[in-house]
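Here is a short note to read beside the model. Please take the points in order.

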Amino acid sequence: MDLFDTMIKAPLGRRQLLAGAAAALAVPAGAQGLVDLRLPGGPSSRRLAAGFPGKGEMIVQRVHPPLLETPMEVFDGDVFTPNDRFFVRWHWADMPSAVDVGSFRLTVHGCVRTPLSIGLTQILRMPRIELAAVNQCSGNSRGLFEPRVPGAQWAHGAMGNARWLGVRLRDVLDQAGVLPGAAAVRFAGLDGATVEGAPRFEKALAIDHARSDEVMIAFGMNGEQLPLLNGFPLRLVVPGWYSTYWVKMLSDIEVLAAPDDRYWMAKAYRIPATPGADVAPGARDFPTVPIGRMTPRSFITGLREGQVVPLRPAIPVGGIALGGDTGVAKVELSADGGRSWQSAALGPDRGKYGFRRWDMEVTPAGPGAMTLLVRCTNDAGEVQPMKPIWNPGGFMRSNVEAVTIEVRSDA
Ligand SMILES: Nc1nc2c(c(=O)[nH]1)N[C@H]1C(S)=C(S)[C@@H](COP(=O)(O)O)O[C@H]1N2
Ligand SMILES: [Mo]
């Protein structure tokens, strides 16, 4: 364990980068029950199970490769999502079940002066940055699209907020020396395609974005090493952008002289080139662009759909919001279908790319059903729209969401 001594002394605390616990991906024993995600288009009942490597109780959508969703009530706790409840998404089943930190190498090649092959100790010795950022799947809430679209049928739990610790991507690129004429940087991880001839998962960023201050190669998540399923030992973090770019088990960086024209940029994860990424259901052959920045969203986390709440003059309502690629300026609630809005009190700002807690109280008119709408305005003045959008990929859902509770005088 000599190699890790240096890492132990690093400010990750006592915990250090070690070989990720072997991940036997099977249905964990003792599945704990079912949850109804209330998806309009299809079966919305899912198993809840603990026992995936490094994970507590998660909503299981698929076992291998894992699609694990965070239960909504987890977001009602701290604004930082605990690592063991953080959602998981992999495209291909051919992912390592352990990583040998001694032999692990990150390679940097392509349009560079000196191709690199660097080990973890070297990365851990570089200057560090830490920032809070929401990792949200482009298809978060896809299961709520109407009409229904193919793809992972998530409710709202394909997102999470963490403090990411790592090094600037730019610093690593500078060690290799990016040559003039570089246009983009492509990233791949240790996972490979399981279908013969299918493209392994890779994503790319434009060179200026890749060289910006905040794009990082992270090895720490909420003060601990990354869980294996969240990309141990290294992952890309692209604050304000959807997590499709946050390549996990990052092992290969290629500087390109032209934009990336491979499958995952040229064909997948593309949105309509319309304002709001909206097209009419059934539309075809419209121009598309790669998905990129996130937009504001907000959620009620303290009350569930259909929850029975005793009648009283003030009912506490709270939740979380994210600004997208900037901070949260305002969160408002409406109990009258959006005719009037009241501002919520915002919790402390723990980083503009992270979740922001909000809280307020609402006064019910009397017993009966009460529908609460919540909307976020970000620091750029962008407001969540009332109407859901539609696109065939089920990407970028970020309209105002509603929760209907049942207020009862006899509860
Ligand atoms: N290597 C690798 N990185 C990846 C993926 C993948 O399949 N392989 N999926 C991406 C997508 S689409 C999502 S939503 C996030 C999920 O991150 P998480 O599992 O840490 O929550 O990882 C991204 N990074
Ligand atoms: Mo995703």
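**Ligand 1 and some aromatic pairs**

1. In this predicted model, 18 residues surround ligand 1, and the closest are Phe87, His91, Asp191, Arg235 and Lys248. A residue counts here if one of its heavy atoms lies within 4 Å.

2. The shell around ligand 1 has nine nonpolar, five polar and four charged residues. Ala, Val, Leu, Ile, Met, Phe, Trp, Tyr, Cys and Pro count as nonpolar; Asp, Glu, Lys and Arg as charged; the others, Gly among them, as polar.

3. Polar contacts are pairs of N or O atoms within 3.5 Å. A side-chain N or O atom of His91 is 2.8 Å from an oxygen atom of ligand 1. For Asn135, a side-chain N or O atom is 3.3 Å from an oxygen atom of ligand 1. A nitrogen atom of ligand 1 lies 2.7 Å from a polar side-chain atom of Asp191.

4. How much of ligand 1 does the protein bury? Alone, ligand 1 exposes 530 Å², and the protein buries 100% of that (Shrake-Rupley method, 1.4 Å probe).

5. Trp264 and Tyr269 are both buried (under 20% relative accessible area, 1.4 Å probe, protein chains only).

6. Residues are numbered from 1 along each chain, chains are lettered from A and ligands numbered from 1, each in the order written. The model is predicted: local features need pLDDT of at least 70, side-chain atom pairs count only at pLDDT 80 or more, totals for chains, interfaces and linings use all residues, and side-chain values use heavy atoms, without hydrogens and water.

Key
Polar contact = N/O pair within 3.5 Å; in protein donor to acceptor, adjacent residues only side chain to side chain. Buried < 20%, exposed > 50% of the residue type's maximum accessible area, 1.4 Å probe, protein only.
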